[in-house]
Amino acid sequence: MIALLGLGSAPAAGDPKVPPGPASIREPVAILTSGLDYTVPEIAARLARDGEGELIGWDIPGEDRFPYVATGGDTDLMRTLAGMLPSPSPLALLPVRVDPAAPLSVAQGLAFVGRTPARTVLVPMWSANAADWEPFRQAALHFSALRIVVPACADRPAGAGSPVYPRDLGLPNIVTAPSGADDAAARLIDHVAGLPCLEPN
């Protein structure tokens, strides 16, 4: 499936190569991210790989498979999530870089995930503007087999004030809790669901 998307093997100018890693048989958990430094050793060791050991990921704004940012982005979050995975782990992280300020970019990121082996996608972003999330809502409806994990925004309880999105899109595949005690992604889900929603992105 990845080959059908026309992914190249060389990083774009300014993007470093992904550190080498073995072919992965681990279950990928996708994450929509504003970018990361995937050369950080603890992150590189937990990345989803294809049969040739190449990163499975995508950069929506950059239109290549290298979701890299040198500074800022979600490197700290990715380092935390990577640290939650045991060694060896049944899971791997599949990063998809999106532009949180561009609603279509976030929807495109979700659509990319829907065409990968990942069935769980972490979406550590939110806002109070329903219109911004309409493209995402449509993508989530289309890729209904995805389990979409979003911040629960416990400081903004549902029904007790202004809605927050994507939590309040009303879709059955949007979740803020693990599916059960044997859910391998439970720690990742709990962490993303517990992220603070202090102000709109």
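**Exercise 1. Find where Glu 63 sits in this predicted model, and work out whether Glu 63 is buried or exposed.**

Step 1: Go to the loop between β2 (58-59) and α2; Glu 63 lies there.

Step 2: Check the backbone. Phi of Glu 63 is near 55°, which is a positive value in a residue that isn't glycine.

Step 3: Look at the accessibility. Exposed means over 50% relative accessible area. Glu 63 comes in at 65%, so Glu 63 counts as exposed.

**Exercise 2. Now try Cys 153: which loop holds Cys 153, and is Cys 153 buried or exposed?**

Step 1: Find the loop between β5 and β6, and you've found Cys 153.

Step 2: Read off phi. For Cys 153 phi is about 50°, a positive value even though the residue is not a glycine.

Step 3: Buried means under 20% relative accessible area. Cys 153 has 1% relative accessibility, so Cys 153 counts as buried.

**Exercise 3. Track down the peptide bonds that lead into Pro 88 and Pro 166, and say how each is arranged.**

Step 1: Start with Pro 88, in the loop between α2 (75-84) and β3. The bond joining Ser 87 to Pro 88 is cis, and omega is about 0°.

Step 2: Move on to Pro 166, which lies in the loop between β5 (147-149) and β6 (174-175). Tyr 165 and Pro 166 are also linked by a cis peptide bond, with omega near 15°.

**Exercise 4. Lay out the sheet: in what order do the six strands come, and which are the edge strands?**

Step 1: Walk across the open sheet. You'll meet the strands in the order β2-β3-β1-β4-β5-β6, and the pairing is parallel.

Step 2: Pick out the edges. β2 and β6 each pair on one side only, and that makes them the edge strands.

Step 3: Zoom in on one pair. β1 and β4 are parallel and share three bridges. Ala 30, for instance, has Val 121 in β4 as its bridge partner.

Step 4: Add a helix. α5 packs on the sheet and touches β1, β3, β4 and β5, with its direction at about 45° to that of β5.

Step 5: Add another helix. α3 (residues 103-114) lies across β1, β2, β3, β4 and β5, and runs at about 170° to β1.

**Exercise 5. Zoom in on Ala 92: which strand is Ala 92 in, and which residues does Ala 92 touch?**

Step 1: Look in strand β3 (residues 91-97), where Ala 92 is found.

Step 2: Ala 92 has 0% relative accessibility, so Ala 92 counts as buried.

Step 3: List the contacts, skipping residues up to four places away in sequence. Ala 92 touches Ser 24, Arg 26, Glu 27, Pro 28, Val 29, Arg 46, Leu 47 and Ala 48.

Step 4: Take Leu 47 from that list. Leu 47 and Ala 92 are 45 residues apart along the chain, yet their C-alpha atoms are separated by 5.3 Å.

**Exercise 6. Which residues of α2 are buried, and what covers them?**

Step 1: Pick out Thr 75, Leu 77, Met 78, Leu 81, Ala 82 and Met 84, the buried residues in α2.

Step 2: Recall the helix geometry: an α-helix has 3.6 residues a turn, so residues three or four places apart point the same way.

Step 3: See what lies over these buried residues. The cover includes β1 (27-33), α1 (41-44), β3, β4 (120-122) and α5 (186-193).

Notes: Residues numbered from 1 in each chain as written. Predicted model: local features only at pLDDT ≥ 70, side-chain atom pairs only at ≥ 80, totals over all residues. Heavy atoms only, no water. Helix = DSSP H or I, 4+ residues; strand = E, 2+ residues; numbered from the N terminus. Buried < 20%, exposed > 50% of the residue type's maximum accessible area, 1.4 Å probe, protein only. Contact = heavy atoms within 4.5 Å. Pairing = 2+ DSSP bridges. Axes fitted to C-alpha atoms, helices over the stretch in contact; angles between N-to-C directions.
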